Amino acid sequence: MKLALLLSGNLGLSMARYLYDRDYNIEAILTDKNSSQILDFATSKNIKLFVGNPRKGRCEKLIEDVKPEVLISVNYLFLIENDLIQWPSKIAFNVHGSLLPKYRGRTPHVWSIINNEKVTGITAHILDEDCDAGDILQQKQVKIEKNDTGGDILKKFGLQYPKLIDKVLSNINSNKLQRIQQDESLATYFEKRVPEDGKIDWNWQKERIRNWVRAQSYPYPGAFTNFGDQIIIIDEVSFDNYGFRQSMKNGEVISANPIRIKTPNGVLLIKKIRGQDFQFSKGMLLK
C-alpha cells in the first residue's frame, strides 16, 4: 500500500518509523521545519519531502509527482485544503487525540486533564476541510489516572496509535471500512494553547489548579505563577491538610519549607518547581 504522511513532532516521527518498519511504501512526508528528526528520517530513507504550510497550492508539484493510495495525518501542525484531501486514490484520514466529537481542536488531551476527565482516547477519522469533523473510522479509549500528566497521556497514545492505524489500514485493504458520522450536537471545540495560557489563578478551587499543573507539566511549557517580575513554573502539586484562615489571601505562601499555598477551598503543597533556585518565604503572595 502506497502511503503519504502528514507528520509533526515525536508522535509523528514514531508513526513514520513504525509504518516504515512494517514495510508500507511511504511515498512522501509533509512536515514542519521544526520537526528536525522527521526531516532527518525522510532524508535518510530517500522519501520525498515537503516542509512548511501546504495551503494555497504549495504542494502542487508533489501532488503531480506522487500518487499515494492513502494519506495519513498524525499530529500535523497545519490545516489542509481540498487538494491534499483528494490526493490519495483511496482515502485520507487523521488520528486525533480525543474521543470525537468531544474535544475537537488542539492539545485535546491537555484540555481533558484540565477538565478533570477520567477517560480520553484517540479517533481515526476522515479528513475534510472542517476541523476534526470527518466521519469516524475507529476509536480507542485511554484511561486518565489521577496522577497522569499531559506527557503521560502522550506516552499512552504512542502505544495505541500503531494499533489504531493498523486496524484502519487493514480495513481499507479488505474493503471492510465503516464510516460513522459525527453527531454535531455533541461536539466540543477547544482552542490552541500557547505558553502564556499556563498562568495559574489562585482563586480557582484547589482541584482545578492541580489539574492545571499536571496537564501542562514537563515536557510542556508548564503552569506558572508570578512573584513581582519573576515567573515560577510549577510541575507538581498535591493536596495538603495544613490549616489556614479563610481571611488569608488566595495565593499566599503559608509555609516555606515545605512550600504550601492557600486556595479558596484548601492548601496545595508545591512538590516540584522547574529549573529554578527560587527562595520562598512565609507571607509571600503569588499572582
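Student: What does the accessible surface of the protein come to, and what share of it belongs to carbon and sulfur atoms?
Tutor: Keep in mind that this is a predicted model. The accessible surface of the protein is about 14800 Å². The part that belongs to carbon and sulfur atoms is 46%.

Student: How many helices and strands does the protein have?
Tutor: Let us start with its extent: the C-alpha atoms fill a box of roughly 70 × 40 × 35 Å along the principal axes. Within the protein there are seven helices and 14 strands.

Student: What percentage of the residues count as buried?
Tutor: A residue is called buried when its relative accessible area is under 20%. The protein has 287 residues, and the share that count as buried is 50%.

Student: How far apart do the centres of the positive and negative side chains lie?
Tutor: There are 41 positive side chains and 34 negative ones in the protein. Taking the centre of each set, the separation is 6 Å.

Student: Is Ser 8 buried or exposed?
Tutor: Ser 8 sits in the loop between strand 1 (2-7) and helix 1 (9-21). Beyond its neighbours within four places in sequence, Ser 8 is in contact with several residues, including Thr 31, Asp 32, Val 74 and Tyr 76. Its relative accessibility is 2%, so Ser 8 counts as buried.

Student: And Lys 249: is that residue buried or exposed?
Tutor: Lys 249 is placed in the loop between strand 11 (230-240) and strand 12 (253-256). Not counting residues up to four places away in sequence, Lys 249 touches Lys 262 and Leu 285. With a relative accessibility of 55%, and the cut-off for exposed being over 50%, Lys 249 counts as exposed.

Student: Which residues does Gly 283 contact, leaving aside its neighbours within four places in sequence?
Tutor: Gly 283 belongs to the segment after strand 14, and with a relative accessible area of 46% it is partly exposed. Its C-alpha atom is separated by 22 Å from that of Val 213, which is 70 residues away along the chain. The residues in contact with Gly 283 are Glu 252 and Val 253.

Student: How many aromatic pairs does the structure hold?
Tutor: A pair of aromatic rings is described by the distance of the centres and the angle of the planes. On that footing, the number of aromatic pairs in the structure is eight.

Student: Why do the rings of Phe 227 and Phe 278 count as a pair of their kind, and what is that kind?
Tutor: The ring centres of Phe 227 and Phe 278 are 6.2 Å apart. Phe 227 is in strand 10 (residues 223-227) and Phe 278 in the segment after strand 14 (266-273), so the pair ties together parts that are 51 residues apart in sequence. The ring planes lie at 70°, so the pair is edge-to-face.

Student: With which other residue does Phe 278 form an aromatic pair that is edge-to-face, at 4.8 Å centre to centre?
Tutor: Phe 278 has a relative accessibility of 14%, so it counts as buried, and its partner is buried as well. The planes of this pair have 75° between them. The partner is Phe 280.

Student: Which ring does the charged end of Arg 193 sit over?
Tutor: One aromatic cluster is formed by Tyr 103, Trp 111 and Phe 190. The charged end of Arg 193 is 4.8 Å from the centre of a ring, and that ring belongs to Trp 111.

Student: How many of the residues of helix 7 are buried?
Tutor: Helix 7 spans residues 206-215 and is mostly covered. Among its buried residues are Ile 209, Trp 212 and Arg 210, and Arg 210 lies over the face of Phe 239, at 5.8 Å from the ring centre. The buried residues pack against elements including helix 5 (108-114), helix 6 (150-173) and strand 10. Of the 10 residues in helix 7, the number buried is eight.

Student: What is the omega of the cis peptide bond from Leu 100 to Pro 101?
Tutor: Pro 101 is found in the loop between strand 5 (91-96) and strand 6 (104-105). The bond from Leu 100 to Pro 101 is cis, with omega near 15°.

Student: What is phi of Lys 56?
Tutor: Lys 56 lies in the loop between strand 3 (48-51) and helix 3 (60-65), and is exposed with a relative accessible area of 72%. Its phi is positive, in a residue other than glycine, with a value near 60°.

Key
Residues are numbered from 1 along each chain as its sequence is written. This is a predicted model: local features need pLDDT of at least 70, side-chain atom pairs count only at pLDDT 80 or more; totals for chains, interfaces and linings use all residues. Side-chain values use heavy atoms; hydrogens and water are left out. Helices (H or I, at least four residues) and strands (E, at least two) are DSSP runs, numbered from the N terminus. Buried means under 20% relative accessible area, exposed over 50%, partly exposed in between (1.4 Å probe, protein chains only). Contact means heavy atoms within 4.5 Å. Accessible areas come from the Shrake-Rupley method with a 1.4 Å probe; for residues, only the protein chains shown count as cover. Lys and Arg count as positive and Asp and Glu as negative; His and the chain ends are not counted. The place of a charge is taken as NZ of Lys, CZ of Arg, CG of Asp or CD of Glu. Rings of Phe, Tyr and Trp (its six-membered ring) pair if their centres lie within 6.5 Å; planes under 30 degrees apart count as stacked, over 60 as edge-to-face and the rest as tilted. A charge sits over a ring if NZ of Lys or CZ of Arg is within 6 Å of the ring centre and within 35 degrees of the ring normal.
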